Amino acid sequence: MYFLSTRGNNEKITASQAIIKGLSSDKGLYVPSNFKDLSDELKNLVDLDYKELAYVILKEFLTDYSEKELKYCINSAYDEKFDTEKIAPISKVGDEYVLELYHGPTCAFKDMALTIMPYLLKTAIEKNNLQEEVVILTATSGDTGKAALEGFSDVDKIKIVVFFPENGVSPIQKLQMKTTKGKNTCVVGINGNFDDAQTGVKNIFADEDFNKDLKEKGYILSSANSINMGRLLPQVVYYFYAYLGLVKQNEINLGDKINFVVPTGNFGNILAGYFAKQMGLPVNKFVCASNDNNVLYDFFKTGVYDKNRELKLTTSPSMDILISSNLERLLFEISNRDAEKVNSLIDDLNTKGVYEIDEDMKKNLSYFYGGYSNEETVSKTIKEIFDRYKYLLDTHTAVAYSCYEKYVEDTKDKTKTVIVSTASPYKFSKDVLSSISDVDNNLDDFEIINKLSDISHTQIPGPIKTLKDLEVKHNITCEKDELKSEILKFLKK
């Protein structure tokens with residue numbers, strides 16, 4: 001297995017090299033050279049635990065890692081950092097199944113990959129005899145930042161810089177990032193939105209002079225965003241785990257197709273599901289759930305991707321995104337890996353802010369359905385699900401749930417469905433609480449968390465409960481054109 005760029009520069013590199021580089025030198029995203037079909041092997045995977053299954057899936061991609069190296073990475077990641085041995089349990093809520101991906105150290109689905117990625121990268125550095133120190137550069141809309149900081153804190157030969165929109169994340173997300181320990185960590189709030197942060201980071205990766213200057217100082221850049229294969233590939237595992245879990249519980253028969261509903265902004269989470277389907281997982285439909293920033297909904301409905309609109313700040317801030325980076329990988333696949341076509345579309349996006357795919361590509365989108373939910377519907381869904389089932393959804397999962405309800409109404413599809421839950425409701429406690437009860441505006445964030453626990457009779461996750469007593473370590477803010485100078489300031493420390 002090797003990795004190549006979506007933009008076709010004829011580069012073929014190993015998995016460990018792709019994880020170190022993050023982004024291809026032609027600014028494209030790395031994709032696997034092929035997908036191993038595991039459909040005939042599914043029957044042998046039903047009884048595997050999460051770690052065992054992770055090895056079976058990841059060894060097909062990370063072929064330059066030895067069995068010993070890969071098992072070390074997996075066993076180091078999926079341990080007592082998670083509050084359940086199942087790692088990604090499934091709850092039945094009514095007739096649907098909720099895949100809970102928030103039982104890790106930062107209470108968000110990003111933990112599923114960012115607990116293993118530091119070990120994959122550290123192993124890659126050793127394997128490739130890298131002399132430079134790796135600087136992880138990451139833009140976050142809320143959850144990636146803390147999960148990456150937690151994973152890479154005090155890891156040898158690695159430093160990490162995280163940029164986030166100062167006014168575009170929840171108070172708990174912000175506090176989680178600002179209280180991060182680790183001498184190798186740097187957290188910067190920018191006066192702008194997530195797209196500003198993401199564009200700034202991408203521009204830095206593409207800046208040859210800046211990268212050359214860093215290399216002379218003994219540093220090379222990499223990324224912990226889902227543009228990095230080390231982030232994306234571990235996410236493929238939980239789609240298989242969810243499916244096989246339903247088989248094990250006799251909810252479906254082996255070979256039955258199921259639907260997945262995924263709340264997404266940057267398109268990484270749902271793309272990992274698509275990769276699982278490419279590997280033979282029996283999937284009927286992926287419901288791509290958007291909030292009011294419904295650029296992906298429009299794309300799946302019309303084939304036109306148009307970022308020329310105002311970014312709206314919503315109660316599901318991790319999805320407040322207008323430039324879905326990982327969609328480029330899907331364009332590569334649905335164009336039958338035509339890099340020339342991908343280049344043309346991305347050029348249109350960069351110059352005009354809009355592109356349209358052709359009819360053949362549209363036909364290859366038949367496995368996807370786009371939906372979106374407005375703020376009122378999200379709040380109403382949280383209340384309805386809590387009143388009906390005493391089950392608490394966070395705002396992002398509520399987007400997914402309500403999009404699924406619209407999907408069923410629209411298509412009458414009765415296929416069994418897994419709703420991918422991406423965060424603990426306690427990360428967005430004020431918005432969740434105000435959906436199910438009255439909120440006194442004089443309460444602080446931690447009083448709100450306690451009230452949510454009292455009303456819902458659910459436990460506050462440990463990482464959020466202890467947040468109140470942590471010291472704020474990072475208080476830097478900058479303008480959106482000052483990212484480079486903040487990186488250099490940090491590296492001079």
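This report walks through two sheets and the helices around them in a predicted model.

## Ground rules

Local features here require a pLDDT of at least 70 and side-chain atom pairs count only at pLDDT 80 or more, while totals for chains, interfaces and linings use all residues. Residues are numbered from 1 along each chain as its sequence is written, and side-chain values rest on heavy atoms, with hydrogens and water left out.

## The six-stranded sheet

Let's start with an open sheet of 6 strands, ordered β3-β4-β14-β9-β10-β13, whose pairing is mixed. Strands (E, at least two residues) and helices (H or I, at least four) are DSSP runs, numbered from the N terminus; two strands pair if DSSP finds at least two bridges between them. At the edges sit β3 (90-93) and β13 (368-372), each pairing on one side only. On average, neighbouring strands of this sheet are turned by 25 degrees against each other, direction ignored.

Inside the sheet, β9 (residues 258-263) and β10 (residues 283-290) run parallel and are joined by 6 bridges. One pair to look for is P263 with its bridge partner A289 in β10.

## Helices on this sheet

Helix α10 (residues 229-248) lies across β3, β4 (96-100), β9 and β14 (417-421), and runs at about 140 degrees to β9. Helix α17 (residues 395-411) also packs on the sheet, touching β3, β4, β9, β10, β13 and β14, with its direction at about 125 degrees to that of β10. Contact means heavy atoms within 4.5 Å. Axes are lines fitted to C-alpha atoms, for helices over the stretch in contact, and angles run from 0 to 180 degrees between N-to-C directions.

## Where α16 meets α18

The axes of α16 (residues 375-389) and α18 (residues 429-436) come within 8 Å and cross at roughly 65 degrees. The two helices are therefore roughly perpendicular to each other (the class covers 65 to 115 degrees). Their crossing is right-handed, meaning that the near helix is turned clockwise from the far one by less than a right angle.

On the α16 side, S379, I382, K383 and F386 meet V432, S435 and I436 of α18. By class, this contact has 4 nonpolar, 2 polar and 1 charged residues.

## The five-stranded sheet

A second open sheet has 5 strands in the order β8-β5-β6-β7-β15, with parallel pairing. Its edge strands are β8 (219-222) and β15 (476-479), each paired on one side only. Neighbouring strands are turned by 30 degrees against each other on average, direction ignored.

At the β15 edge, β7 (residues 185-191) pairs with β15 in the parallel sense over 4 bridges. Here V188 has I476 in β15 as its bridge partner.

Note on methods:
Angles under 35 degrees count as roughly parallel, over 145 as roughly antiparallel, 65 to 115 as roughly perpendicular and the rest as oblique. Ala, Val, Leu, Ile, Met, Phe, Trp, Tyr, Cys and Pro count as nonpolar, Asp, Glu, Lys and Arg as charged, and the others, Gly among them, as polar.
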